[in-house]
Amino acid sequence: MKRVAAGFGVNTYSYIFDGSAADTVARLADQGYGGVELMFFPGHLWPAELDASALRALRKLCEARLRLVAVNMPNVDMNIAAAAEEMRSYTLDLLVQFVRCAGELGAGGIIVGPGKANPLFPMPRDRMVSHFYRALDTLAPLARRVGTRLLIENMPFAFLPDAETLMKIVDDYGDESIRVIYDVANAHFIGESPGEGLRRVRDRLSLVHFSDTTRQSYKHDPLGYGDVPLTGLASVMKEIGYTELPMLEVISHHPDSDIVESCRRLQQAGFDRDV
């Protein structure tokens, strides 16, 4: 198991109800993974629940046992491009806390959703982009100051769901420090070819998420439960110069066994420690 796990990172989504981030880091380190992406979630990892001593202890644990690749957050609960100023302010306040926490923990990046549109009657695109940019005006310099990076993700429920529009809006903002995390399952769900999407985001790509879904029902299942096409993706990632660990963002009630089986499926598809 440890030989299989060493070439992959694990997002802690499946563990948010089972214990603290520190407990989960130790659990995943014991299983032999190469890196971790911690989820911000109350009771698991939440700035208001952690004093400076607890943050230092968690950072030392990650530095000693399991590299902290990135931190992530419950994007469904938050919206930096909302119509209501109160929601935008609330979200931005939390994001500022998250970014500062990411810096204190020594995380390589912090994953940020670009915001969500009303699916029935969305705001005009330019207004949402303006709200998104205004949030970046605060978050991007803060991330640089605390020593981490913003990673903007392609999300089906966000107003920039595909690689092309995501890259265009981020490029137009004009800050080279802002990076992209590409989620293969998210791309597949909206009908985007993950291989082509990876090529489109290559200039800003810092991290790739793997899980499974179909195009009929949005999931982040263990690999093998849906129909995300893995064939050829390892070659594409080598082609574009991806050097970070593939990150498993699997949501499961049996994560220990399901995530290692997902790692095996990635290995069978050509992923190894050299990816």
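This report walks through some helix contacts, pockets and a cavity in a predicted model.

## Helices H2 and H3

Let's start with H2, which covers residues 21-31, and H3, which covers residues 52-65. Their axes come within 10 Å and cross at roughly 5°. Angles under 35 degrees count as roughly parallel, so H2 and H3 are roughly parallel to each other.

Who touches whom here? On the H2 side you'll find Ala-21, Ala-22, Val-25, Ala-26, Ala-29 and Asp-30. Their partners in H3 are Leu-58, Leu-61, Cys-62 and Arg-65. Sort the residues of this contact by class and you get eight nonpolar, two charged and no polar ones.

## Helices H3 and H4

H3 also packs against H4, the helix spanning residues 85-105. The axes of these two are 8 Å apart, and the packing angle is about 55°. That makes H3 oblique to H4.

H3 brings Leu-55, Leu-58 and Arg-59 to this contact, while H4 brings Cys-101, Gly-103, Glu-104 and Leu-105. The mix is four nonpolar, one polar and two charged residues. Keep an eye on Leu-58: it takes part in the contact with H4, and it turns up in the contact with H2 as well.

## Helices H5 and H6

Further along the chain are H5 (residues 125-146) and H6 (residues 163-173). How do they sit against each other? Their axes come within 11 Å and cross at roughly 55°, which makes H5 oblique to H6. The crossing of H5 past H6 is right-handed.

From H5, the residues involved are Arg-125, Val-129, Phe-132, Tyr-133, Leu-136 and Asp-137. They meet Thr-165, Ile-169, Asp-172 and Tyr-173 in H6. By class, that contact has six nonpolar residues, three charged and one polar.

## Two pockets

Now for the empty spaces. The largest pocket has a volume of about 260 Å³. It is lined by 16 residues, and those closest to its centre are Tyr-13, Val-76, Phe-157, Tyr-218 and His-220. The whole lining splits into eight nonpolar, four polar and four charged residues.

The second largest pocket holds about 180 Å³ of space. Its lining is made of Tyr-13, Ser-14, Ile-16, Phe-17 and Asp-18, together with Ile-251, Ser-252 and His-253. Four of these residues are nonpolar, three are polar and one is charged. Tyr-13 is worth a second look: it lines this pocket, and it is also among the residues closest to the centre of the largest pocket.

## A cavity

Rolling a probe the size of a water molecule over the atoms shows where empty space is left. How many cavities of 30 Å³ or more does the count give? The count comes to one.

The largest cavity contains about 80 Å³ of space. Around it are 14 lining residues, with Asn-75, Met-78, Ile-80, Gly-113 and Gly-115 nearest its centre. By class, the cavity lining has eight nonpolar, five polar and one charged residues.

Terms used
Residues are numbered from 1 along each chain as its sequence is written. This is a predicted model: local features need pLDDT of at least 70, side-chain atom pairs count only at pLDDT 80 or more; totals for chains, interfaces and linings use all residues. Side-chain values use heavy atoms; hydrogens and water are left out. Axes are lines fitted to C-alpha atoms, for helices over the stretch in contact, and angles run from 0 to 180 degrees between N-to-C directions. Helices (H or I, at least four residues) and strands (E, at least two) are DSSP runs, numbered from the N terminus. Angles under 35 degrees count as roughly parallel, over 145 as roughly antiparallel, 65 to 115 as roughly perpendicular and the rest as oblique. Contact means heavy atoms within 4.5 Å. Ala, Val, Leu, Ile, Met, Phe, Trp, Tyr, Cys and Pro count as nonpolar, Asp, Glu, Lys and Arg as charged, and the others, Gly among them, as polar. A crossing is left-handed if the near helix is turned anticlockwise from the far one by less than a right angle, and right-handed if clockwise. On a 1 Å grid over the protein atoms alone, a cavity is a set of points where a 1.4 Å probe fits but cannot get out, and a pocket is an open set with protein on both sides within 12 Å along at least five of seven lines; lining residues have an atom within 4 Å of a point. Grid points are joined across faces, edges and corners, and a volume is the space filled by probe spheres set on the points.
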